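Visitor: I am new to this structure and would like a close look at a single part of it. Please take one strand and what surrounds it, and go through that part step by step.

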Amino acid sequence: MTNNESQTEKTIISVAAAINQADHILFITGAGISADSGLPTYRGVGGLYEDEFTAEGISIETALSAFMFNRRPDITWKYLWQLGAACHGAHFNRAHEVIALIQQRKPNSVVLTQNIDGLHRAAGTINLIEVHGHAFDLYCTRCRADFSAADVITNYEVKPQLPPPCPQCGGLIRPDVVLFGEQLPDAAVSAMMALAFQPIDLVIAIGTSSSFPYILKPLVDARYRGVPTVEINPADTHVSEIVTYRLKLRAAEAMEKIWRYFVEH
């Protein structure tokens with residue numbers, strides 16, 4: 001065993017022990033946790049885009065913006081469709097599953113996710129805050145009727161007319177996700193604010209660059225209060241230097257190893 005492997009194992013044991021001792025755990029997850037489900041990690045959106053510009057000659061952030069949706073919903077829906085189709089074909093992985101298993105033993109734990117792929121839901125996560133929404137929850141912007149992707153666009157199995165019209169009023173349908181330039185949903189903001197008043201005694205960030213202030217804040221606050229923090233990410237991020245424990249591993253591998261020590265001790 002190399003020195004790096006030995007240090008990694010010691011860190012895994014320490015993290016498992018911290019989970020065992022904690023009662024109120026906050027898991028913060030980003031696109032990296034879904035990478036092991038086959039979803040590319042496009043800067044927190046879930047991404048498919050390696051080039052700087054889309055086929056329309058604009059950035060993907062512009063294509064997926066509120067401005068573009070109001071002006072050219074067909075362009076925004078083109079890329080929403082691609083994201084939805086990629087997410088629809090994915091299944092939750094061991095990292096999602098282990099979080100749900102830990103929550104069974106630690107039911108006061110909360111999951112704050114940036115992801116819109118629905119994989120935490122599928123894995124059985126409880127106390128879930130989907131801060132950027134959910135790709136498969138749709139609604140009409142005119143009559144406000146709610147739909148699922150299965151109702152309107154056959155779960156992304158056959159490409160429909162884009163943008164899809166509301167079957168009730170003919171209005172414009174959209175996924176219940178936060179587009180660039182939009183405010184976060186009130187319910188998500190309230191849930192995140194409530195975290196400040198909960199006795200969080202361990203924060204674990206998995207697969208996120210922690211670049212959004214509302215993702216970074218719980219980690220910074222935890223450090224200020226002396227609460228242990230964990231980062232699981234193969235890449236260095238904004239918080240790599242401030243966390244208590246750092247694991248440069250992919251999410252599924254790290255969570256499986258942590259789970260083994262957790263259940264054995």
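Guide: A place to begin is a cysteine pair: the sulfur of Cys140 has its closest cysteine sulfur in Cys169, 3.5 Å away, which is too far for a bond. A disulfide needs the two sulfur atoms within 2.5 Å, so the pair of Cys140 and Cys169, at 3.5 Å, does not count as one. The model is a predicted one, and a search of the whole structure finds zero disulfides. Cys140 has a relative accessibility of 0% and therefore counts as buried. Another cysteine, Cys87, is buried as well, because its relative accessible area is 6%, and buried means under 20%.

The strand to follow is E4, which spans residues 133-140. Seven of the eight residues of E4 are buried, so that the strand is mostly covered. E4 belongs to an open sheet of three strands, whose order is E5-E4-E6 and whose pairing is antiparallel. E5 and E6 are the edge strands, each pairing on one side only. On average, neighbouring strands in this sheet are turned by 40 degrees against each other, with direction ignored. As a general point, the strands of a sheet pair through backbone hydrogen bonds, and the pairing is either parallel or antiparallel.

Consider one side of E4 and then the other. Toward E6 (173-177), the antiparallel connection consists of five bridges. One of the residues involved is Gly133, whose bridge partner in E6 is Val177. Leu138 has Pro175 of E6 as its bridge partner. Toward E5 (146-148), three bridges join the strand to E4, again with the two running antiparallel. On that side, Asp137 stands opposite Ser148 of E5.

A helix also belongs to this picture. Helix H5, residues 73-88, lies across E4 and E6, and runs at about 55 degrees to E6.

Next comes the turn between E4 and E5. These two strands form a hairpin with five residues between them, and within the hairpin Arg144 takes a positive phi near 65 degrees. Most residues other than glycine have a negative phi, which is why a positive value is worth pointing out. Arg144 counts as exposed because its relative accessibility is 52%, and exposed means over 50%.

Asn127 offers a second case of positive phi: the angle is about 50 degrees, although the residue is not a glycine. Asn127 sits in the loop between helix H7 (119-123) and strand E3 (128-130). Its relative accessible area is 38%, so Asn127 is partly exposed.

The last detail is in the loop between helix H8 (149-153) and strand E6, where Pro163 is placed. The peptide bond from Leu162 to Pro163 is cis, with omega near 0 degrees. Most peptide bonds are trans.

To gather the main points: E4 pairs with E6 through five bridges and with E5 through three, seven of its eight residues are buried, and Cys140 is among the buried residues of the structure, at 0% relative accessibility.

Notes:
Residues numbered from 1 in each chain as written. Predicted model: local features only at pLDDT ≥ 70, side-chain atom pairs only at ≥ 80, totals over all residues. Heavy atoms only, no water. Buried < 20%, exposed > 50% of the residue type's maximum accessible area, 1.4 Å probe, protein only. Helix = DSSP H or I, 4+ residues; strand = E, 2+ residues; numbered from the N terminus. Pairing = 2+ DSSP bridges. Axes fitted to C-alpha atoms, helices over the stretch in contact; angles between N-to-C directions. Contact = heavy atoms within 4.5 Å.
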